[in-house]
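Here's a quick briefing to read with the sequence and the model side by side. Take a look at the structure first, then work through the notes below.

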Amino acid sequence: MRAFIPNYQLTTPSSLADALALLNREPGVWKPFAGGTDLMVLLEAAKLPHRNYINIWSLKELRGIEVTDSHVTLGALTTYTEVQSHPVLQSEFPMLCQAASETGGLAIQNRGTIGGNIVNASPAADSPPALLAYDAEIELISSDGSRWLAYSSFHTGYKQMLIGPNELLARICMPRNTRGATHYYRKVGTRKAQAISKVCLAALAKLGDDQISDARIALGSVAPIVIRCMQTEDALRGQKPDAGTIKSACATLSQEISPIDDIRSTADYRLQVAKNLLTDFLLTLRT
Amino acid sequence: MIVSFTINGESRTVDVFPMARLLDVLREQLHLTGTKEGCGEGECGACTVVLDGQIVNSCLVPVAQVNGSEIKTIEGVARQDQLHAVQQAFIDHGGAQCGICTPGMVLAAVDLLNRNPRPSETEIRNGLAGNLCRCTGYMKIFESVVRAYQK
């Protein structure tokens, strides 16, 4: 069953200011439409309830990757293809590049955007676990101005997030503090390309004097939102990555995540695989 | 709304609903039926076209987003009577079976070879990962791509 196309509006603003003014004038009436790789799938399945969209794809203000001494900032419309080819992201944020390379296939990567991946708010999204592990902050803008918040506080429940009806996600910023860290990203799905994940782990840690420091663990597809597992991180900090640590970290992780049975997998499988991935990551630290 | 773009080197203007899929505009208004519909949800790559130099799934692109763009479809790959090396290789080495995935496969392969004239087997697999062949003729397709760049 297809949607009735004439029912849908897609208006193209001439500038970012115009887009924000429209969002402000008629809050809740308009929603942003970027690369379309999620929304068009819903449209075709007649499952796109909202009717009026602002085409933000051509807004140059929301594009580009900016590098300073301390941070890398991505425009919300940065595509997966652009992420993969950026040298600083490749060397310092490899999990984000890997997530981008494992999202869809090339035709999807040319259209899908990091900002869209965030506000589509799927718990199975591929780039959010990496962004969480990299301590990303995000900028929301409106006609009233701009505000930054920690990405880890953005998603509040299944498809719920701290964004107002007059706001746009504008930029994503990551601190350049990953040197010397081990990065581990693994998405488990039915197929290498095009698949939606069953479980996805993005993990990072540094090892000094044989002890784990700066452990960051984030997971997708194991809770109503992508989550940063702070308790598991606490269980790792200051410990040696030995068998005892692995066992206690896995026990903590089991309490911290809440996987479910759904069309792609089962709660049992997801829990086991999440523990296996954490174990694999911690074993990687030892080598 | 009125949308104008260049398609296979020719300027065209169409009167469309803004959320109409580029795929439908190509097939039904411009009668460029070489672009196929497989899944209609961005999984299969049968509707692949080149939009401003990048391959996209035309089932996922609303036509309002191609105003002012340059589009290439399978009809624009050959030069008059001269097939592209990829097309010739698909014919010579059995890369085409039922033909539904073929236009998308050819465009993805042409795009790959434009970016990377001598791809490794892994790079070919990655380049074509978004294109499904339900005749499961993948080996012949990979072979065709290899033969195309060897020429």
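**One helix of chain B, then the rest**

On the other side of α5(B) from its buried residues, Met139(B) and Gln150(B) are exposed. Buried here means 20 or more other C-beta atoms within 10 Å of a residue's own, exposed means 12 or fewer, and partly exposed is in between, with C-beta atoms placed from the backbone. Helices (H or I, at least four residues) and strands (E, at least two) are DSSP runs, numbered from the N terminus.

This is a predicted model, in which local features need pLDDT of at least 70 and side-chain atom pairs count only at pLDDT 80 or more, while totals for chains, interfaces and linings use all residues. Residues are numbered from 1 along each chain as its sequence is written, and chains are lettered from A and ligands numbered from 1 in the order in which they are written.

**More on α5 of chain B**

- Ile141(B), Ser144(B), Val145(B) and Ala148(B) are the buried residues of this helix.
- Looking down the axis of α5(B), the buried residues fall within an arc of 95°, so they line one face of the helix; the arc is that of the directions from the helix axis to the C-beta atoms.
- Those buried residues pack against α2 (85-92), α3 (102-115) and α4 (121-127) of chain B; contact means that C-beta atoms, placed from the backbone, lie within 7 Å.
- The helix covers residues 138-150, 13 in number, and reaches 18 Å from first C-alpha to last, close to the 18 Å expected at 1.5 Å a residue (that is 1.5 Å times one less than the number of residues).

**A hairpin in chain B**

- Strands β3 (48-51) and β4 (54-57) of chain B pair in the antiparallel sense over 4 bridges; strands count as paired if DSSP finds at least two bridges between them.
- Between β3(B) and β4(B) sit 2 residues, and Asp52(B) in that turn has a positive phi of about 45°.
- Leu51(B) stands opposite Gln54(B) in β4(B).

**The sheet in chain A and the helices across it**

- Chain A has an open sheet of 4 strands in the order β11-β12-β13-β14, with antiparallel pairing.
- Its edge strands, each pairing on one side only, are β11 (182-188) and β14 (227-228) of chain A.
- β11(A) pairs with β12 (199-208) of chain A over 7 bridges, and Thr182(A) stands opposite Ala205(A) in β12(A).
- Helix α5 (94-101) of chain A lies across β11 and β12 of chain A, at about 20° to β11(A); axes are lines fitted to C-alpha atoms, for helices over the stretch in contact, and angles run from 0 to 180 degrees between N-to-C directions.
- Helix α11 (267-286) of chain A lies across β11, β12 and β13 (211-220) of chain A, at about 25° to β12(A).
- The buried residues of α11(A), including Val273(A), Leu277(A) and Phe281(A), pack against β11, β12, β13 and α10 (243-256) of chain A.

**Where chain A touches chain B**

- Across the two chains, 24 residues of chain A are in contact with 23 residues of chain B.
- On the chain A side, β1 (9-11), α2 (39-44) and α6 (106-109) of chain A each give two or more residues.
- The largest share there, 4 residues, comes from α2(A).
- That side of chain A divides into 12 nonpolar, 9 polar and 3 charged residues (Ala, Val, Leu, Ile, Met, Phe, Trp, Tyr, Cys and Pro count as nonpolar, Asp, Glu, Lys and Arg as charged, and the others, Gly among them, as polar).
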